[in-house]
Amino acid sequence: MKLLSFRASDGVRLGIKTDSGIIDVRDTAEKAGLIAPASINEVILNGQPAKEQLQQIVSVANDFLDETSITYAPAVQTPNKIICSGANYRAHVEEANFTVPDYPIYFSKYQNSLAAHNEDIVPPPATKQVDYEVELVVVMGKQAKNISQGEALDYVFGYATGNDISARDLQTRTNQWTYGKAIDQFAPIGPYLVTAEEVSNPQNLELKCWVNGELRQNSNTELMIFPIAEMISDLSQTMTLEPGDVIFTGTPEGVILGMKEKIWLKPGDVMVCEVEGLGKLVNRIAE
């Protein structure tokens, strides 16, 4: 299923994308007298029983919202952790003049960084060097501690398109990247959270990013230095991964940081990030 969150007068609601339009889960459940989860977080926490309830909702739905009429919320709203992988594509390492890492490089973002599809991004005045990074996002579905690579993907709830927006002048102040990464709205995720059974091989998905219609990034998740399962297993050796935790898995080449002539993002620029099968995430830089 393609799940999403959207804003209504009474708060954030859970939706399901179908060929006929968007199902308002709460509205459909009330009309049909069914029990259904009220949020993405509730679906993740309740796992298969919640997904079966949503399948019931899909089977009885006859009212659909026009997708162009809804205001999206971030695909997830309350992750306990947002962990990001840096320098995880060899061509990106080369363009940025980094050293190919021997071990995965991690840094954190927080809930303040979450943003939605179609949300305007307002960089802080402290930065003049805003950059884009299309990434495959992994959302955990089960508690994971000391798990092997072979079982790691079984713990994933779903996948989404993400943009690890970065303030390069702040990121490179020191060798710790958090100050230039964990900025308000600098982690858009969406438009959908696609459940894991819909993604046959997350390690073979095309990633693309356009800026103002110009294709800037074009790669495939098979080119990761450290595959998804390896990162999940590695993280689980030192921290307990919880349902709803988010992992940004790194960006390929084509970012502004790697260009000879660096023209940083400015107000009015539109970023379109896409991961194959997961939807296009659109955000505009605003004043």
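**Exercise 1.** In this predicted model, find which residue of S2 is the bridge partner of leucine 3, then work out how the strands around that pair are arranged.

*Solution.*
- Start at leucine 3: its bridge partner in S2 is isoleucine 16.
- Now widen the view to the two strands. S1 covers residues 2–8 and S2 covers residues 11–18, and seven bridges pair them in the antiparallel sense.
- Finally, look at the link: two residues lie between S1 and S2, and the two strands form a hairpin.

**Exercise 2.** Follow the chain onward from S2 and determine how many bridges join S2 to S3.

*Solution.*
- Locate S3 at residues 21–24; four bridges join this strand to S2, and the two run antiparallel.
- For a landmark, pick threonine 18, which stands opposite glycine 21 in S3.
- Check the connection as before: S2 and S3 form a hairpin, again with two residues between them.

**Exercise 3.** Decide whether H1 is roughly parallel or roughly perpendicular to H2, and describe the residues where they meet.

*Solution.*
- Find the helices: H1 spans residues 25–32 and H2 spans residues 40–60.
- Take the geometry next. Their axes come within 10 Å and cross at roughly 75 degrees.
- Angles of 65 to 115 degrees count as roughly perpendicular, so H1 is roughly perpendicular to H2.
- List the contact residues: H1 supplies Val25, Thr28, Ala29 and Ala32, while H2 supplies Leu54, Ile57 and Val60.
- Sort the residues of this contact by character: six are nonpolar, one is polar and none is charged. Thr28 of H1 belongs to the contact, and threonine counts as polar.

How values were computed
Residues numbered from 1 in each chain as written. Predicted model: local features only at pLDDT ≥ 70, side-chain atom pairs only at ≥ 80, totals over all residues. Heavy atoms only, no water. Pairing = 2+ DSSP bridges. Axes fitted to C-alpha atoms, helices over the stretch in contact; angles between N-to-C directions. Parallel < 35°, antiparallel > 145°, perpendicular 65-115°, else oblique. Contact = heavy atoms within 4.5 Å.
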